[in-house]
Amino acid sequence: MGIADTSIAAASAAFSGLAAFGAWKASRQANDTAASVAQIERDRWHNALTPQLRLRLEQSDGLLYVRVDGPAQLGRLSIRLTIRDDFDRTRVPGLAGGPTPDEIAQVVWGPYRFRPGVDGADQLGRTVTPFPLEAGDRARLALDPSVKPAWYEGTDGEERWRRQYQNATIRLWADCEAEGHKSWRLSFGITQDGRWAQTGRTVGS
């Protein structure tokens with residue numbers, strides 16, 4: 001084989017290699033695009049099936065009402081409620097002689113807590129064990145006024161604590177699971193005036 005033939009063969013091989021690389025790259029890009037589109041569609045479908053919950057405080061009975069409006073195709077939901085603090089207190093710098101981070105974490109910073117030992121509530125009253133509900137069903141959970149921290153001392157300690165949360169909302173996470181679906185975490189702010197709260201917003205009664 002002459003020099004010219006060798007050069008032609010080498011160029012041909014190089015061209016074939018470039019073509020193969022280009023085809024592989026195009027195939028990979030097409031696969032990545034298809035995967036991205038599929039993920040977007042799965043996320044869209046997951047969002048479309050977000051559980052429609054309503055929660056309401058009945059102060060006179062000390063009860064939290066939980067209602068599932070749908071979607072019915074989810075079937076039975078497993079719902080776990082967790083009371084959130086008024087804000088993230090882990091970011092607040094500690095003061096010399098003040099409460100420790102562990103002591104602060106042992107306080108439910110808000111107007112209400114779940115009644116410890118009832119409805120599967122933990123001893124702090126922060127959360128309850130998951131309970132099942134289907135569309136059209138509702139549950140009632142017992143609440144108690146939150147307990148003031150030990151360092152709210154003096155004769156006015158209780159009064160200062162109650163005044164602090166007199167008109168505050170009850171902030172909650174609702175973690176929902178349904179068979180065959182990814183879980184959902186929904187945020188709620190429940191007012192003390194008896195109005196229904198729905199997935200992070202308050203609606204008319």
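This passage looks at the nonpolar cores of a predicted model, then at two neighbouring residues, P145 and S146.

Start with the main core. The largest nonpolar core takes in 32 residues, and L53, L64, L81 and F114 have the most contacts inside it. Quite a few strands chip in: two or more residues each come from β1 (52-58), β2 (63-70), β3 (77-83), β4 (112-114), β5 (131-133), β6 (138-145), β7 (170-177) and β8 (184-190). A second core, separate from that one, has 5 residues, among them V107, W109, Y152 and Y165.

F114 gives a feel for how the main core is put together. Leaving aside residues up to four places away in sequence, F114 touches L64, L81 and I83, then A121, G125, R126, T127 and V128, and also L141, A142, L143 and L172.

Next come P145 and S146. P145 belongs to strand β6, while S146 sits in the loop between β6 and α3 (157-164). With a relative accessible area of 0%, S146 falls under the 20% cut-off and so counts as buried. P145, at 46% relative accessibility, is partly exposed, because that value lies between 20% and 50%.

As for contacts, again setting aside residues up to four places away in sequence, P145 touches P111, Y112, R113 and R162. On the same basis, S146 touches P111, Y112, R113 and R162, along with V108, G110 and W161. Y112 is a handy example of a partner from elsewhere in the chain: Y112 and P145 are 33 residues apart in sequence, yet their C-alpha atoms are 4.4 Å apart in space.

Methods:
Residues numbered from 1 in each chain as written. Predicted model: local features only at pLDDT ≥ 70, side-chain atom pairs only at ≥ 80, totals over all residues. Heavy atoms only, no water. Core = buried A, V, L, I, M, F, W, Y, C linked by side-chain atoms within 4.5 Å. Buried < 20%, exposed > 50% of the residue type's maximum accessible area, 1.4 Å probe, protein only. Helix = DSSP H or I, 4+ residues; strand = E, 2+ residues; numbered from the N terminus. Contact = heavy atoms within 4.5 Å.
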